[in-house]
Amino acid sequence: MNERAPKNRPAILHRYIYKTILSPFLLLLSVLLMALLLERMLRLVQIVTLHGAPSSKVLELIIYLMPHYLGLAVPAAFFLSVFLGFRGLLDRSELVIFRNMGLKIGDLVLPVLILSVALTVIMITVNGFGKPHSRYAYRALTHEIKSGYGTFNLQPGVFFDIGDDITIRADSVHNDGQLLKGFFASRKEIGGSFSVFTAQRAEIVTEQPAVNAGENGANMPPPNTEKNMTFYLRDGVLIRDAKGGSPSELNFEQYPWRVSLDQVREPYGARGQDEREMTLPELVSGTFESQGEKPVTENARRAEFHARLVQSLSMMILGFLAIPLSLLGHGRSGRAYGLTIGAVIVILYEKTVGFGQAF
């Protein structure tokens with residue numbers, strides 16, 4: 001028993017250090033993610049309710065934001081967990097006991113090294129592959145919500161195109177785009193005819209698609225999945241100019257004008273609007289063509305690649321930076337002293353990486 005005990009000491013010590021680090025790491029990671037998501041969640045709820053989208057879209061947007069916030073929270077949580085873990089060993093005088101047992105510094109550092117390597121692999125996966133796809137999905141869904149759920153960014157006195165066939169204008173816009181006064185619209189009809197609407201006011205209502213369901217759902221036609229936007233026009237005139245014929249005029253007190261949301265919604269486009277939507281292999285190869293209005297330059301690709309690589313590999317540095325800082329001084333004053341220095345170094349490091357990427 002006495003001969004085998006020294007061989008088991010490093011393994012037991014490693015498990016103890018893993019527990020000492022991982023417990024605060026998971027807690028800190030959860031707290032940081034909640035803090036980062038809380039402020040954004042309020043804005044997401046505002047966007048979803050403003051445009052009349054289903055509330056479930058908020059949860060979907062939050063899921064797409066997770067890789068981005070993981071890239072911010074994991075390094076901070078790891079640094080703090082290693083710092084607090086080793087500071088606790090120092091405050092409880094356990095480091096002195098380990099030294100008296102004949103354990104080497106490498107036995108204490110090895111678990112941190114293993115965790116650093118594991119988190120580096122995770123961060124490369126998140127930054128290199130998860131974040132570009134989730135960023136694209138977030139942008140596409142946000143674009144869909146803003147352009148396809150019944151409201152749009154209509155400015156008073158400005159002509160706004162809905163697709164290629166409809167143009168609208170309003171003298172004033174109220175209720176977050178749901179009420180238009182001094183309304184004007186022109187529409188190109190199939191066959192070359194032309195329609196013009198004028199109304200004192202127009203109220204916009206989004207109609208959700210109807211679902212056809214019968215008893216037991218058997219032998220029923222497929223559901224209607226088309227979404228429509230209806231302009232309820234008040235006190236206006238409709239003029240139709242048929243191609244090859246004389247125009248007709250209709251005065252109305254109320255007139256429901258329905259427009260398919262497929263015309264209102266313009267697709268966001270394919271992934272690759274900018275370099276942040278490209279994966280690491282795509283940034284390296286340079287063969288992935290930009291889908292945005294402006295082409296992605298070679299310098300932008302290289303800067304994005306190096307920034308992601310540095311952010312991922314920095315996990316190797318943060319752990320070894322936290323260990324010596326946690327051993328500075330004694331008591332609570334020493335803990336605050338080392339933590340302050342570490343926070344300043346990490347902030348300066350992040351700002352330097354951001355400056356280098358922009359430069």
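Q: Is Val 117 buried, exposed or partly exposed?
A: This is a predicted model, so keep in mind that we're reading a computed structure. Val 117 lies in helix 4, and its relative accessibility is 38%. Buried means under 20% and exposed means over 50%, with partly exposed in between. That's why Val 117 counts as partly exposed.

Q: Which helix gives the most to the nonpolar patch on the surface?
A: The patch is made up of Leu 110, Leu 113, Ile 114, Val 117, Val 121 and Phe 320, and together they have about 450 Å² of accessible area. Five of the patch residues come from a single helix, spanning residues 105–148. The top contributor is helix 4.

Q: Which helix supplies the largest share of the largest nonpolar core?
A: Nonpolar side chains tend to be buried together in soluble globular proteins. Here the largest nonpolar core has 41 residues, and Phe 78, Val 82 and Phe 86 have the most contacts inside it. Helix 1, helix 2, helix 3, helix 4 and helix 8 each supply at least two residues. The largest share, 14 residues, comes from helix 2.

Q: How many residues are in the second, separate core?
A: Look for Ile 168, Ala 170, Ala 185 and Phe 231, which are among its members. This core is separate, and its residue count is 19.

Q: How far apart in space are Ser 172 and Pro 156, C-alpha to C-alpha?
A: Ser 172 sits in strand 2, and along the sequence Pro 156 is 16 residues away from it. Still, the two are in contact, and Ser 172 also touches Leu 179, Leu 180 and Lys 181. Going from C-alpha to C-alpha, the distance is 4.8 Å.

Q: Which residue does the side chain of Ser 172 join through a polar contact?
A: Ser 172 has a relative accessible area of 21%, so it is partly exposed. Its side chain makes a polar contact of 3.1 Å, and the partner is His 174.

Q: In the salt bridge between Glu 60 and Lys 57, how far apart are the closest N and O atoms?
A: Both residues lie in helix 2, three residues apart, which is about one turn of the helix. Glu 60 is partly exposed because its relative accessibility is 27%, while Lys 57 is buried at 14%. Their closest N and O atoms are apart by 3.8 Å.

Q: Which residue meets Arg 92 in a salt bridge?
A: Arg 92 is partly exposed, with a relative accessible area of 46%. Its partner counts as buried, at 17% relative accessibility. The N to O distance is 3.3 Å, and the partner is Glu 94.

Conventions. Residues are numbered from 1 along each chain as its sequence is written. This is a predicted model: local features need pLDDT of at least 70, side-chain atom pairs count only at pLDDT 80 or more; totals for chains, interfaces and linings use all residues. Side-chain values use heavy atoms; hydrogens and water are left out. Patches are made of residues with over 30% relative accessible area and no salt bridge: like charges are joined within 9 Å, nonpolar side chains (Val, Leu, Ile, Met, Phe, Trp, Tyr) within 5 Å. Accessible areas come from the Shrake-Rupley method with a 1.4 Å probe; for residues, only the protein chains shown count as cover. A salt bridge is a side-chain nitrogen of Lys or Arg within 4 Å of a carboxyl oxygen of Asp or Glu. Helices (H or I, at least four residues) and strands (E, at least two) are DSSP runs, numbered from the N terminus. Buried means under 20% relative accessible area, exposed over 50%, partly exposed in between (1.4 Å probe, protein chains only). Contact means heavy atoms within 4.5 Å. A polar contact is a pair of N or O atoms within 3.5 Å; within protein, one must be able to donate a hydrogen and the other to accept it, and residues adjacent in sequence count only if both atoms are side-chain atoms. A nonpolar core is a set of buried Ala, Val, Leu, Ile, Met, Phe, Trp, Tyr and Cys residues joined through side-chain atoms within 4.5 Å. Lists of a residue's contacts leave out its neighbours within four places in sequence.
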